[in-house]
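Open the model in your viewer and keep the sequence panel beside it. The stops below say what to select and what is there.

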Amino acid sequence: MATLRLYTRAGCCLCEGLAERLRALDPAPVLELVDVDGDSALQARYGLEVPVLALLDAEGGLLELPRVSPRLAGDQLQSWLSRHGASPAA
């Protein structure tokens with residue numbers, strides 16, 4: 001099963017919305033939330049770019065995915081994940 005890492009920050013409505021839409025998928029991906037404000041290096045890297053979605057591979061590598069449109073949900077989001085190799089069933 002694919003593991004997704006979502007770089008986020010507290011109070012970010014786009015971050016919260018994406019996390020909510022990902023958790024609503026069936027099957028839902030394994031989702032790891034990382035608050036960028038808890039780490040100065042992450043804060044410097046991502047700044048105001050959150051939400052950033054990344055795919056964790058089996059070897060522990062990390063692949064940042066393109067920005068997810070806030071309009072994608074349900075089957076469209078599932079299809080988007082599949083196209084980017086991040087399908088929950090992957």
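Start with Thr 8, which lies in strand β1. This is a predicted model. Is Thr 8 buried or exposed? Its relative accessibility is 13%, and with the limit for buried set at under 20%, Thr 8 counts as buried. Show its surroundings, leaving aside neighbours within four places in sequence: Thr 8 is in contact with Cys 15, Leu 33, Val 34, Asp 35, Val 36 and Val 50.

**The whole chain**

Zoom out and switch to a cartoon. The protein has three helices and four strands. Along the sequence they follow the pattern β-α-β-α-β-β-α. The radius of gyration is 12 Å, close to the 12 Å that the globule rule gives for 90 residues, so the protein is as compact as a globular protein of that length. The C-alpha trace spans about 35 × 30 × 15 Å along its principal axes. Of the 90 residues, 40% are buried. Among contacts with a separation of 6 or more, 64% are between residues 24 or more positions apart.

**The sheet**

Select the four strands. They form an open sheet in the order β2-β1-β3-β4, with mixed pairing. Strands β2 (30-35) and β4 (62-64) stand at the edges; each has a single partner strand, so one side of each is left without a neighbour in the sheet. On average, neighbouring strands are turned by 30 degrees against each other, direction ignored.

Now keep only residues 3-8 and 52-56. These are β1 and β3, which pair in the antiparallel sense over five bridges. To find one position in this pairing, select Thr 3, which stands opposite Leu 56 in β3.

Add residues 13-23, helix α1. This helix packs on the sheet and touches β1, β2 and β3. The direction of α1 makes about 160 degrees with that of β1.

**Helix α3**

Select residues 74-83, which make up α3. Which residues of this helix are buried? They are Leu 77, Gln 78, Trp 80 and Leu 81. Look down the axis of α3: the buried residues fall within an arc of 160 degrees, so they line one face of the helix. An α-helix has 3.6 residues a turn, so residues three or four places apart point the same way. On the other side of α3, Asp 75, Gln 76 and Arg 83 are exposed. The buried residues of α3 pack against β1, α1 and β3. Past the helix, select Gly 85, which follows α3 and has a positive phi, near 70 degrees.

Next go to Leu 72, in the loop between β4 and α3. Its relative accessibility is 17%, so Leu 72 counts as buried. Neighbours within four places in sequence aside, Leu 72 is in contact with Arg 21, Leu 77 and Trp 80. For a distance check, pick the C-alpha atoms of Leu 72 and Pro 29: they are separated by 15 Å, and the two residues are 43 residues apart along the chain.

**The nonpolar cores**

In soluble globular proteins, nonpolar side chains tend to be buried together. Show Leu 4, Leu 22, Leu 53 and Leu 81 as sticks. Of the 17 residues in the largest nonpolar core, these four touch the most other members. The elements that give two or more residues to this core are β1, α1, β3 and α3.

Center on Leu 53. Leaving aside neighbours within four places in sequence, Leu 53 is in contact with Leu 4, Arg 5, Leu 6, Leu 22, Leu 63, Glu 64, Leu 65, Val 68, Trp 80 and Leu 81. Apart from the largest core lies another core, of nine residues. Tyr 7, Cys 12, Val 50 and Ala 54 are among its members.

**Two cis peptide bonds**

For the last stops, select two prolines in turn. Where is Pro 27? Look in the loop between α1 and β2. The peptide bond from Asp 26 to Pro 27 is cis, with omega near 5 degrees.

Then select Pro 51, in the loop between α2 (40-46) and β3. Val 50 and Pro 51 are joined by a cis peptide bond, with omega about 5 degrees. Val 50 has already appeared on this tour, as a contact of Thr 8 and as a member of the nine-residue core.

Methods
Residues are numbered from 1 along each chain as its sequence is written. This is a predicted model: local features need pLDDT of at least 70, side-chain atom pairs count only at pLDDT 80 or more; totals for chains, interfaces and linings use all residues. Side-chain values use heavy atoms; hydrogens and water are left out. Two strands pair if DSSP finds at least two bridges between them. Axes are lines fitted to C-alpha atoms, for helices over the stretch in contact, and angles run from 0 to 180 degrees between N-to-C directions. Contact means heavy atoms within 4.5 Å. Buried means under 20% relative accessible area, exposed over 50%, partly exposed in between (1.4 Å probe, protein chains only). The arc is that of the directions from the helix axis to the C-beta atoms. A nonpolar core is a set of buried Ala, Val, Leu, Ile, Met, Phe, Trp, Tyr and Cys residues joined through side-chain atoms within 4.5 Å. The radius of gyration is taken over C-alpha atoms; the globule rule is 2.2 Å times the number of residues to the power 0.38.
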